[in-house]
Amino acid sequence: MALLALTALLLIFPLTLGKPGLPPALKADEPAYYLMGLSLVRDGDLRLEVQDIDRLFDDFPHPPIRNLIVMTDDGWHTVTYSKPLVYSLFAAPFAHLFGANGYLFFNQLMVVSMIWMGALYLRRFNSDGLAVVFSAAFVLLSVGWVYAFWIHPEIFNMAAISLSCFATFRGRESSGRWSGFMWAATAGASLALAAYNKPIYAPIGAALVVLVWKSGRWRGVAGLGSGGVLASAAVIWLAVTLQGPASPYLGGHQRRALTVCEPGSVPVQPVAAAAPGPGGAAARAARPRRNWGFLLGKPVIGPTEFFENVRYFLWGRHTGFLLYLPFGALCILFFALEAPRDGPRWVLLGSLTAIAAYTLLYIPINWQGGGGFVGNRYFIGVYPAFIFLVRAIRPAGLMVPATAAASLFLMPILVTPFGRTVPSPTMQSHVRNSPFGLFPLEFSLKNVPGYRKKRITGGRYLARSDQILHREGTVWVRGGDRVEIWYELAEELQRPVFLVKSHAPDNDVTIRVGSTVEKLEGLRENETHRIELAGVRPTRRRKFQENHSLIYKIEVESTRGAVKVFMLENVAKHCGVKIGEEAFAANFYSGLEFSLMGEAEILDRDIYSMEWGEYAGPHSVMPGDEFAIQTEVRNASDGQWFHASGARLNLSYHWLDADGEPAVYDGARTSFPRLVEPGDWMSVKQNVIAPDVPGSYILELDAVFEHISWFSERNGGQTLRVAVEVEDRALRRDDPPGG
């Protein structure tokens with residue numbers, strides 16, 4: 001009765017949603033999976049056509065819709081979806097009836113099936129009530145349940161793995177000759193479907209083989225194999241018929257991620273077909289062909305990186321097994337406490353460990369599931385197998401700390417599974433809660449959404465996008481908050497220098513690097529300090545392949561802030577519609593301006609020798625005009641000119657009047673495109689803004705070591721002066737034609 005009530009709850013509520021959403025847009029790979037199901041059931045194909053584009057707007061009428069992944073083999077004349085078809089195939093009938101809500105209904109159906117299978121399995125060793133409670137908690141108090149709210153195959157893969165394990169154990173109990181065979185065939189078929197989506201799940205088959213061998217010998221192995229072969233053959237036949245390659249991840253086709261802006265057309269243009277004859281054949285043969293060869297290749301990382309990733313896998317801030325799958329850890333504990341001599345379960349645990357190790361070794365910068373993930377998206381598919389390690393739930397009291405862990409780490413996600421409405425929204429916004437700050441940030445991953453990265457001289461920094469703004473080499477730090485800024489650098493810091501500029505009056509600022517703390521109290525607005533710290537130590541050391549780096553966690557805290565208005569950069573919609581920047585003014589509550597300027601020893605070097613080369617630019621301009629000049633400069637010093645750090649070097653200028661007095665001293669900045677080594681020449685297109693008052697001026701080109709000194713202040717010269725006339729607009733209008 002409890003299971004029936006829970007089943008009714010989970011299956012009915014998806015059908016009551018007016019529109020799927022919060023946010024009201026498709027995310028990650030959802031656009032392709034969503035349209036594939038509708039295309040299958042309504043068109044009988046997997047081609048992307050105009051009617052498919054129109055369907056996107058039925059449930060999601062808020063463009064742009066990004067990341068619609070498609071492929072072609074004929075120059076985009078025929079476009080097909082480039083994702084595995086299994087999930088959409090099974091969900092298609094529900095999508096036909098209920099649109100996107102049908103996918104949510106189907107996903108919840110998979111959730112319910114996993115709870116039922118877990119409860120039916122556990123009741124062999126435990127009371128009915130305990131079996132139901134543990135199975136429901138195992139499924140629902142995990143990050144896996146969040147994927148039931150995604151139009152994604154993760155929840156389908158989980159249910160397929162659950163069915164493969166359940167059918168194997170169920171077949172082991174079967175006394176009939178053919179019932180055991182059919183249960184084994186069911187297990188093989190369901191595992192084949194999951195492995196078609198994610199080949200790394202195939203090692204689960206090792207435990208299934210051991211189990212069916214112990215119960216049915218060759219008959220069980222034959223059932224397992226025949227089910228797997230038939231299911232694989234059917235899926236591959238469908239893929240070849242409807243998509244072209246046996247898998248979207250194989251073959252020599254072209255792939256692309258489309259952005260859909262409006263209905264009525266497919267947003268990709270066909271290209272001219274390859275010329276017939278040897279040239280065209282050669283072009284097709286030369287097209288790179290994808291295969292599964294990398295699955296058996298040499299691991300791309302060494303032991304140091306591997307064990308770093310193991311730590312992240314177990315308790316990483318965004319991916320940790322203990323944080324996001326606490327009942328999975330409890331299953332391992334129950335298994336260990338029982339000290340079983342059950343060979344198949346040991347093989348199952350070994351298979352799960354092998355899958356985890358494989359992803360860390362062969363997908364080292366993407367093992368968590370790429371840009372779209374919550375927890376560990378690639379590993380979540382095999383999570384249901386952990387419940388089949390358990391026999392007796394004893395001591396049952398251990399469920400309490402597991403539930404407490406789920407409440408601590410998972411409830412921010414579980415109570416808002418559609419996504420949270422927060423500043424700088426991201427699917428990983430739950431890590432902004434305090435407990436997650438105690439766990440390591442996964443620096444080995446290529447992409448962790450919700451963080452802002454910026455390259456600086458000698459490395460990069462990383463911080464939460466809701467807590468900082470990058471402003472021309474420095475960082476605005478949110479006021480009234482403790483902000484983590486992570487610097488990954490190639491060289492160890494000996495005496496780092498930081499720049500701190502308060503944005504609010506009566507502001508107390510604390511800078512903390514490990515055990516080294518610097519406090520500034522009662523700062524005035526715009527009061528600036530240069531802080532030099534000694535004895536700092538890296539938070540951790542990293543090695544990836546041949547690259548070594550050191551990571552410093554710097555905590556910046558201010559007690560007050562002020563609202564700063566800033567303009568969003570590169571303002572243009574994804575659909576190509578330009579919008580004036582005045583529409584994109586935004587507020588940021590900034591406590592201070594902060595930057596790592598570099599090593600004190602480097603900042604104190606004499607780098608102020610500059611040689612000027614060719615100059616190209618106008619000699620007469622209009623008041624207030626912004627114009628470009630081309631200059632050549634040579635680094636005549638013995639030190640490097642940094643271009644991407646707090647104390648970077650920029651080109652600038654001064655406007656001098658007829659008497660040689662400064663009319664505009666602090667000119668606009670133009671950054672160097674790269675690091676300039678001693679002796680190097682650099683050609684730079686420099687932006688200049690003319691004075692507002694007409695007259696005869698001297699444009700004095702200069703360079704500035706930001707926050708330290710102008711070049712002209714250090715060596716008394718080495719600037720380039722050019723006479724420029726700023727003409728009167730009224731006189732220019734009165735000139736006769738040709739005058």
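Reader: What span should helix H5 have, and how far apart are its end C-alpha atoms?

Author: Count residues, then apply the rise. In this predicted model, H5 covers residues 100–122, which is 23 residues. At 1.5 Å a residue, the helix should span 33 Å. Its end C-alpha atoms are 34 Å apart, which agrees.

Reader: How many residues of H5 are buried?

Author: Burial is judged by relative accessible area, with under 20% as the cut-off. By that test, 19 of the 23 residues of H5 are buried. The helix is mostly covered.

Reader: What share of the residues of the protein counts as buried?

Author: The figure is 52% of the 739 residues. The protein exposes about 32,500 Å². Carbon and sulfur atoms supply 57% of that area.

Reader: How many helices and strands does the protein have?

Author: There are 19 helices and 26 strands. For the way the chain folds back on itself, look at contacts. Take those between residues at least 6 apart in sequence: 74% join residues at least 24 apart.

Reader: Which residues form a nonpolar patch on the surface?

Author: Look for nonpolar side chains that are accessible and close to one another. Here the patch consists of Leu15, Leu97 and Phe98. Together they have about 280 Å² of accessible area. Leu97 belongs to helix H4, residues 86–98. Its relative accessible area is 60%, so Leu97 is exposed.

Reader: Now an opposite case. Is Ser590 buried or exposed?

Author: Ser590 is buried, at 0% relative accessibility. The residue sits in strand S16, residues 585–599. To see its surroundings, set aside neighbours within four places in sequence. Ser590 then contacts Trp476, Val477, Arg478 and Gly479. It also contacts His503, Gly561, Ala562 and Lys564.

Reader: On to charges. How many salt bridges does the structure hold?

Author: The structure holds 29. Read each one in steps: the pair, the distance, the location, the exposure. Start with Lys83 and Asp29, whose side chains meet at 3.1 Å, N to O. Lys83 lies in the loop between strand S2 (80–81) and H4, and Asp29 in the loop between helix H1 (2–12) and helix H2 (30–43), so the pair ties together parts that are 54 residues apart in sequence. Lys83 is buried, with a relative accessible area of 6%. Asp29 is also buried, at 13%.

Reader: Where do Glu338 and Arg391 lie?

Author: First the distance: their closest N and O atoms are 3.2 Å apart, in a salt bridge. Glu338 is in helix H13 (residues 326–338), while Arg391 is in the loop between helix H14 (343–362) and helix H15 (399–409). The pair therefore ties together parts that are 53 residues apart in sequence. Glu338 is partly exposed, at 29% relative accessible area. Arg391 is partly exposed too, at 25%.

Reader: Which residue forms a salt bridge with Arg721?

Author: The partner is Glu700, with the closest N and O atoms 3.2 Å apart. Arg721 lies in strand S26 (residues 720–726) and Glu700 in strand S24 (residues 695–705), so this bridge ties together parts that are 21 residues apart in sequence. Check each end separately. Arg721 is exposed, with a relative accessible area of 54%. Glu700 is buried, at 10% relative accessibility.

Reader: Which residues are linked in a network of salt bridges?

Author: Follow the bridges from residue to residue. The network links Arg432, Arg464, Asp466, Arg478 and Asp481. Arg478 has come up before: it is among the contacts of Ser590.

Methods. Residues numbered from 1 in each chain as written. Predicted model: local features only at pLDDT ≥ 70, side-chain atom pairs only at ≥ 80, totals over all residues. Heavy atoms only, no water. Helix = DSSP H or I, 4+ residues; strand = E, 2+ residues; numbered from the N terminus. Expected span 1.5 Å × (residues − 1). Buried < 20%, exposed > 50% of the residue type's maximum accessible area, 1.4 Å probe, protein only. Patch = residues over 30% accessible without salt bridge, like charges linked within 9 Å, V, L, I, M, F, W, Y side chains within 5 Å. Areas by Shrake-Rupley, 256 points an atom, 1.4 Å probe, with all protein chains shown as cover. Salt bridge = Lys/Arg side-chain N within 4 Å of Asp/Glu carboxyl O. Contact = heavy atoms within 4.5 Å.
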